[in-house]
Amino acid sequence: NEPAGTSGSQFFIVSTESGGAMLEPLYAVVGHVTDASSTDTLRRIDRLGVADGPPVEPVYIWTARLVETK
């Protein structure tokens, strides 16, 4: 009985444009990878995943930074 659009506070880390397109408009895009270090992290997470499902082993996010651009 969750309100529409809340999705139980889950989020997705999407590594392809087509993957992101499949989630819209039901899920909001919160950010994009913008630097080499973040791209490397995304690739390492991507190697733990499957085409459509959770990673094959746990992934922990210890810190995240959201920077507003205009």
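This report walks through the helices, the largest pocket and a few individual residues of the structure above. Keep in mind that the model is predicted.

## Helix 2 and its cap

Let's start with helix 2, which covers residues 36-47 and has 12 residues. At 1.5 Å a residue, a helix like this should span 16 Å, and its end C-alpha atoms turn out to be 17 Å apart, so the two figures agree.

The N-terminal end of helix 2 has a cap, and the residue doing that job is Asp-35. One of the side-chain oxygens of Asp-35 sits 3.2 Å from the backbone nitrogen of Ser-37.

## The largest pocket

Next comes the largest pocket, which holds about 1,700 Å³ of space. Its lining is made up of 42 residues. If you want to find the centre of this pocket in the 3D view, look for Phe-12, Ile-13, Gly-31, His-32 and Val-33, the lining residues that lie nearest to it.

Which helix gives the most to the lining? That would be helix 2, with 6 residues. Helix 1, spanning 17-23, also takes part: helix 1 and helix 2 each supply at least two lining residues. As for the chemistry of the lining, 21 of its residues are nonpolar, 15 are polar and 6 are charged.

## An aromatic pair

The structure has 1 aromatic pair. Its partners are Tyr-60 and Trp-62, with 5.9 Å from centre to centre and 25° between the planes. Planes under 30 degrees apart count as stacked, and that is how this pair is classed.

Are the two partners buried or exposed? Tyr-60 has a relative accessible area of 59%, so it is exposed, because the cut-off for exposed is over 50%. Trp-62 counts as exposed too, at 75% relative accessibility.

## Two residues after helix 2

Now for the segment after helix 2, where you'll find Glu-57 and Val-67. Glu-57 is partly exposed, with a relative accessible area of 45%. Along the chain, Glu-57 and Ile-45 are 12 residues apart, and their C-alpha atoms are separated by 9.7 Å.

Val-67 counts as exposed, at 55% relative accessibility. How far apart are Val-67 and His-32 in sequence and in space? They are 35 residues apart in sequence, while the C-alpha to C-alpha distance is 10.0 Å. You've met His-32 already: it is among the residues that lie nearest the centre of the largest pocket.

Note on methods. Residues are numbered from 1 along each chain as its sequence is written. This is a predicted model: local features need pLDDT of at least 70, side-chain atom pairs count only at pLDDT 80 or more; totals for chains, interfaces and linings use all residues. Side-chain values use heavy atoms; hydrogens and water are left out. Helices (H or I, at least four residues) and strands (E, at least two) are DSSP runs, numbered from the N terminus. The expected span of a helix is 1.5 Å times one less than its number of residues. A polar contact is a pair of N or O atoms within 3.5 Å; within protein, one must be able to donate a hydrogen and the other to accept it, and residues adjacent in sequence count only if both atoms are side-chain atoms. On a 1 Å grid over the protein atoms alone, a cavity is a set of points where a 1.4 Å probe fits but cannot get out, and a pocket is an open set with protein on both sides within 12 Å along at least five of seven lines; lining residues have an atom within 4 Å of a point. Grid points are joined across faces, edges and corners, and a volume is the space filled by probe spheres set on the points. Ala, Val, Leu, Ile, Met, Phe, Trp, Tyr, Cys and Pro count as nonpolar, Asp, Glu, Lys and Arg as charged, and the others, Gly among them, as polar. Rings of Phe, Tyr and Trp (its six-membered ring) pair if their centres lie within 6.5 Å; planes under 30 degrees apart count as stacked, over 60 as edge-to-face and the rest as tilted. Buried means under 20% relative accessible area, exposed over 50%, partly exposed in between (1.4 Å probe, protein chains only).
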